[in-house]
Amino acid sequence: MKLFRSRTKAAGLAPGTPVYVGTPRTGDVSITVFDFVADRVDERRSCSVDECLPLRDTSTVSWVDVDGVHDADKVQRLCEHFGIHPLVVEDIVHTVQRPKVEDHGDYVYIVVRMLQRDQAGELRSEQVSLLLGPHWVLSFQEEPGDVFEPVRNRIRTGNGRVRKSGPDYLAYALLDAVVDHYFAVFEPYSERIEAVEQQLSRNPDPELLESIHQMKRELIGVRRAVWPLREALSGLIRAESGLIGKQTNVFLRDVYDHAVQVIDTVEAFRDTVSGLLDLYLSSVSNRMNEVMKVLTIIATIFIPLTFVAGIYGMNFRFMPELGWHWGYFGALGLMAAVAVVMVIFFRRKRWL
Amino acid sequence: MKLFRSRTKAAGLAPGTPVYVGTPRTGDVSITVFDFVADRVDERRSCSVDECLPLRDTSTVSWVDVDGVHDADKVQRLCEHFGIHPLVVEDIVHTVQRPKVEDHGDYVYIVVRMLQRDQAGELRSEQVSLLLGPHWVLSFQEEPGDVFEPVRNRIRTGNGRVRKSGPDYLAYALLDAVVDHYFAVFEPYSERIEAVEQQLSRNPDPELLESIHQMKRELIGVRRAVWPLREALSGLIRAESGLIGKQTNVFLRDVYDHAVQVIDTVEAFRDTVSGLLDLYLSSVSNRMNEVMKVLTIIATIFIPLTFVAGIYGMNFRFMPELGWHWGYFGALGLMAAVAVVMVIFFRRKRWL
Amino acid sequence: MKLFRSRTKAAGLAPGTPVYVGTPRTGDVSITVFDFVADRVDERRSCSVDECLPLRDTSTVSWVDVDGVHDADKVQRLCEHFGIHPLVVEDIVHTVQRPKVEDHGDYVYIVVRMLQRDQAGELRSEQVSLLLGPHWVLSFQEEPGDVFEPVRNRIRTGNGRVRKSGPDYLAYALLDAVVDHYFAVFEPYSERIEAVEQQLSRNPDPELLESIHQMKRELIGVRRAVWPLREALSGLIRAESGLIGKQTNVFLRDVYDHAVQVIDTVEAFRDTVSGLLDLYLSSVSNRMNEVMKVLTIIATIFIPLTFVAGIYGMNFRFMPELGWHWGYFGALGLMAAVAVVMVIFFRRKRWL
Amino acid sequence: MKLFRSRTKAAGLAPGTPVYVGTPRTGDVSITVFDFVADRVDERRSCSVDECLPLRDTSTVSWVDVDGVHDADKVQRLCEHFGIHPLVVEDIVHTVQRPKVEDHGDYVYIVVRMLQRDQAGELRSEQVSLLLGPHWVLSFQEEPGDVFEPVRNRIRTGNGRVRKSGPDYLAYALLDAVVDHYFAVFEPYSERIEAVEQQLSRNPDPELLESIHQMKRELIGVRRAVWPLREALSGLIRAESGLIGKQTNVFLRDVYDHAVQVIDTVEAFRDTVSGLLDLYLSSVSNRMNEVMKVLTIIATIFIPLTFVAGIYGMNFRFMPELGWHWGYFGALGLMAAVAVVMVIFFRRKRWL
Amino acid sequence: MKLFRSRTKAAGLAPGTPVYVGTPRTGDVSITVFDFVADRVDERRSCSVDECLPLRDTSTVSWVDVDGVHDADKVQRLCEHFGIHPLVVEDIVHTVQRPKVEDHGDYVYIVVRMLQRDQAGELRSEQVSLLLGPHWVLSFQEEPGDVFEPVRNRIRTGNGRVRKSGPDYLAYALLDAVVDHYFAVFEPYSERIEAVEQQLSRNPDPELLESIHQMKRELIGVRRAVWPLREALSGLIRAESGLIGKQTNVFLRDVYDHAVQVIDTVEAFRDTVSGLLDLYLSSVSNRMNEVMKVLTIIATIFIPLTFVAGIYGMNFRFMPELGWHWGYFGALGLMAAVAVVMVIFFRRKRWL
């Protein structure tokens, strides 16, 4: 996951000018529309913007899901028709927003970050903008692929409450899908942490450090996505907007609870990962110390022995020991004795 | 204690669908019922769900204790009859909730985490859900074995206030039992910490590190269980729910005090354990330094001596000293002198 | 000071059952009574509980000071007569409470921790419970020996306001004595810290580490005693209990100020002690580095010299230098030159 | 960026005496004036103070942009005419203010810090004071060069709302330009961080440390500029000053959002940079350990070999091996065997 | 600066007993009086207490500046006449107070800490007590020498507002002088920090550590002086005491701003100094590593060479190489080759 994304292209322009700052994308914006009441649903894929405009005034519940905000003009045209403030349009297209909730009276603007792992297990973060109006929900995503499939299925089959409720429940269901998916994002952590822990005790190699460091960075990213969301949700619940029914408020409190749980989990993971880092460092230094100690001891034992050999290698004319018959074996014996004494000494000091 | 538990199975389902996520369990859910007034108590074990349903409408105080929430259907049937909101049922079964208190008007929903040590001394965390209604208390646990036995005994014998008071006091008594047991969970820490401290000064080995690290992880877990509980209790006390009498509120404040004390203790333990880690690291490095220093000094003393021996081992034709009669002993004396000077030097520098 | 004390004996009992958990004590509870008005004082030592009971209803100011709460029955009998709630009695006897203030309408319950150093300079923490009623103050201590002697003297001699004021001022005076004594507890720190600092620069040995670690632990303990006290006092001042006159409130604010000052001092000590630890570690590592460096340099200088000696110790038949007349002295000169060059090199690199 | 700037010159003077404390500057103060209504704009460069004074009473929107506050007299004369409080004038000239917003009823005083990178990529911080009156905006900068050019262009061309709105929108546009430029200041970080990370794994050299340290210092500076701004903006939005229309308030909330985003980003960068430091240290120590280990192993292998050579270099008369025909090759074989055994041993211990 | 000062002498006395705890001082208390209205000033030095008493009832503004509080009796007599509460008198004399503001209705009591550097550059902290009454200001200092000279000059010359305003403005001016001087106290830091930084990269020696440690301690002290002051000032501004005019309140807000700026600066300095410590430690360890590495490499290169020399120093009878004519030079060549190969190897591994 990229932690930071350039914003410069937008700086310097008049406020309210929508400028896309995400990964450059070509191809068309894809719009999917769900239009439903309790007993009927109409799903249209690849709509044009013009097809969506009439939905503003129908009394059915309409969900216009725009996949791709790189075509700022289309987004602007759609939003203008639905009466969205230019600053909001700017935020939709300018996909570096913090999660937030803004109540504009006629509609509520919600920004969340959708986290997903791609095939390579890489974490990807995408801005999702939700606009909740009296009879419609507009949603804007950056990239193809999302976590809303279960919601779509419930709309198609009529399972659960989503078809029987208004657009507020639909917005809730989308929020809930995003927040619930955060847990799936955490799934691999428990295992990874356990794996790292086991390896640490066996063989602390620098790749583990890399792996710990990466988890840490991902957690910083997740944290940035969830902390502001919690505040935002709490604001939304307290705001008592006319657009959100009392019943849906109960459900929003549930999403809020989940967000708090995510934060809780992130913080606990952060603590644990910090602990792993400490453990890694202690482990490396323990291991290194062990190596150095044994090697130094070997060296230290041989140094006096070499010294003894050096003495009897001197060429003095008068060295009585040299002439002794058992001199050589005596010297070897002396060396053995020195070695044994040193080993005993090291053992007693518990260095060996 | 497992810090994190998978939630994925639940993600993607319609909100309000109860899905069990704990350790897979077979066997039946075991339901125990206490039905009592001040002068009479009726205890029934292994009830069926149907036997419990009439208790909703009797005027006696009823405690339905459900041990095992893996059979989501039974839980749902029971709860539906008592008028519990589907989202609450989902939370009861979905045993990864943070401790919280929700006042639903007709009943109060309380989630706490029950901590126990099993035979192996391993810490186990279990979600306990309490539902407090006008004449009944429903409690849901994940696993057999709990900390409620003293409460049961007081109901059986009529000791204390529990039989003379309403369901609010019963709920309080259960909460109190859970929170009081946290202290028992801490019991082994003081001793373990002292043991670790004593060993540290004698022989800092890597197992101690492991032990410190484990205490740290357990404390992260306990902290996650208690912090939110405190907030939740504080909310409950201030909420002035009609279901909780003024007298019981005094007792709840007592539980709140205990929770604060637990937090206090956890934080102090965390500080202490962090201090132990620092002590361990300093201790290891002190010890290592000591070893290295002595060994290096030994090596350093012999290096010049070996050099002297090397000089007189050279084969130059004209080396006057070699012919001297006392040359050999003079060389030995020189070596001894060098060694003594170096030892004195090291001592004066306080390196030895 | 013991940081943590077992609570298990109390867990599992009905709430409101007083159970003593402190150090086991035998011998009788000692009760001292002061009964005074502005111009008269009556001091009785070693009273029985029965002698104290009538004091509830007299209009003089009575101070019943109970030294020892290990005899739970006596405490309970006394308290019951004075109309104290069973949960309060439990807290008095169960001496592991956090400092707190509870306004029960008819009386105010105050828990503080009295810190004292014993002869060995060891820090000891004792729970003191104060009960302030309309005409009386009950105080409960765990162990003989307290910090109230100055207050007693003022009552005896009639110095200051204590005899002229009501029981609220007396309670204040006791609180003030406890809080003021915290400063005496800190007294030795400034000197110890300075001593440690001076020794650190001269000779950082592991005992200093031990000493720093112990200060750290004591400060954790003191902090646990004082932080909650501050909150509690602030609550008491704002509560405007009818039992505390407006004039005494001014004095309570003074105690509050002192408590804040204590916290301030503790925090500054903690910062300083942490700094000492850092200094210790840097100091040890500096010293170690210095040792290692010099020793390594000695070794490094001799290694090439020994190599030169080794060359001329070889036994090749044709080694022209060996036959030279000045060969030996040339070799010695070469060695000296190598040594000098290396020393100069090390000096220039500022390693020496 | 200089983190701290001397304030001493100002200390000791009567409050309300404006004293310039920035980099000494010569040359004249340069004043630029924009005077506009929706359909007409009048831009005057290098105005004198006297030319500006009449603008106070015209009904057009006037922006007086003063570049350079080192000439305290001019600033004072201008401000006095516009009715600015002496303490505010002192703050304008005394360019060490924290960002703040003060509502003085007749005008609003806003201090922000404008951050820019100069040609060398060095971060420069400049105090910008904005005064928002009923028909005018005064702005004061320290140095030539600012981030307001896009705003000026919009005034000149009549793009966006700025010409159609009042002075409140103009003040907002200036604030927005300053805050938006913070993101440009961060631009190089992402790349620098990535570059540092890549280099770390390859070759951790001390220059990286320097680079990390500098990023850290810059972030401290940016943080000091933005944190108080957020509070100040939040205060401004809530204050509901009569000088700021309801419509402009919506825009201010947008600036506030951006400020929060900046803080968010700064905090995430700080976390990341701290992580880099840890990574650097681990990396250095890993690398060092690796070097030391291999070298020590080489030394350790040769030490026993040299010892063997030393033995057969001894000059004892009776050393049977010396006379053996294959003695020499036997000795070489022995040495080879020892070396192989040690290498195998080291490999098995995974030290090699 | 001494961080902690003994308080014991005061513990145990009746509250309201003034006891001096500062550095023992002999000599008389020196009292200076300024008595002024807009157009007239009367300055009297070395007044007696009795001369000051009538000033309570005159309608001119009187400033009684008492230099030295070691003579508790005089302070008490003066204060009693001006109607000051005994606890306040105790605080004035007992010079270990935290900065605070107390509104006693008839007068406001303000405690601040005056920080100054003495000739040696040592930081000195002194308690200054201000009492603001309806027509008078009493100020109490511990030691001769203060930062009020500019205020005195403004009174003497009639510059600024001080003569034209009431005692509230005078008290403000004194506070302002104290707070503004904090910046002068910081003055040397920027330079010291830069000096330390430059030296660090060149030659990290233990004196730098000492210097960093001392800055850290001073900053702890300054922080203790300023944090509570900010709270206190904020309280004073909100309190709307009748003794402080609306106009002076604007000025107090300015002092408050300065205090916040001081805190801000202290925190940034603390961050920077912590960064320096990290840098020092990394720098020392970098340098040490560099030394060790080069030395170890030298040793490692010579060890195999010495081994080769050792081989040809052996005394075996049959060593064919010894008889070769070019044997000696061949051996030397072998050694050179080994050395070159090792250097190349080390270079390629980038260890050299």
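**View 1. The largest nonpolar core and its best-connected members.** Of the 85 residues in the largest nonpolar core, B:Ile110 and B:Leu174 touch the most other members; such a core is a set of buried Ala, Val, Leu, Ile, Met, Phe, Trp, Tyr and Cys residues joined through C-beta atoms within 7 Å. Helix 7 (residues 246-311) of chain B supplies the largest share of this core, 16 residues, where helices are DSSP runs (H or I, at least four residues) numbered from the N terminus. The model is predicted, so that local features need pLDDT of at least 70 and side-chain atom pairs count only at pLDDT 80 or more, while totals for chains, interfaces and linings use all residues. Residues are numbered from 1 along each chain as its sequence is written, and chains are lettered from A in the order in which they are written.

**View 2. Surroundings of B:Leu174.** Leaving out residues up to four places away in sequence, B:Leu174 touches B:Leu130, B:Ser139, B:Phe148 and B:Val151, a contact being two C-beta atoms, placed from the backbone, within 7 Å.

**View 3. Buried and exposed residues of helix 9 of chain D.** Helix 9 (residues 327-348) of chain D reaches 31 Å from its first C-alpha to its last, close to the 32 Å expected at 1.5 Å a residue, that span being 1.5 Å times one less than the number of residues. D:Gly327, D:Tyr328, D:Ala331 and D:Met335 are buried (20 or more other C-beta atoms within 10 Å of a residue's own; exposed means 12 or fewer). Seen down the helix axis, the buried residues fall within an arc of 115 degrees, so they line one face; the arc is that of the directions from the axis to the C-beta atoms. On the other side, the exposed residues include D:Gly333, D:Val340 and D:Arg348.

Conventions. Helices (H or I, at least four residues) and strands (E, at least two) are DSSP runs, numbered from the N terminus.
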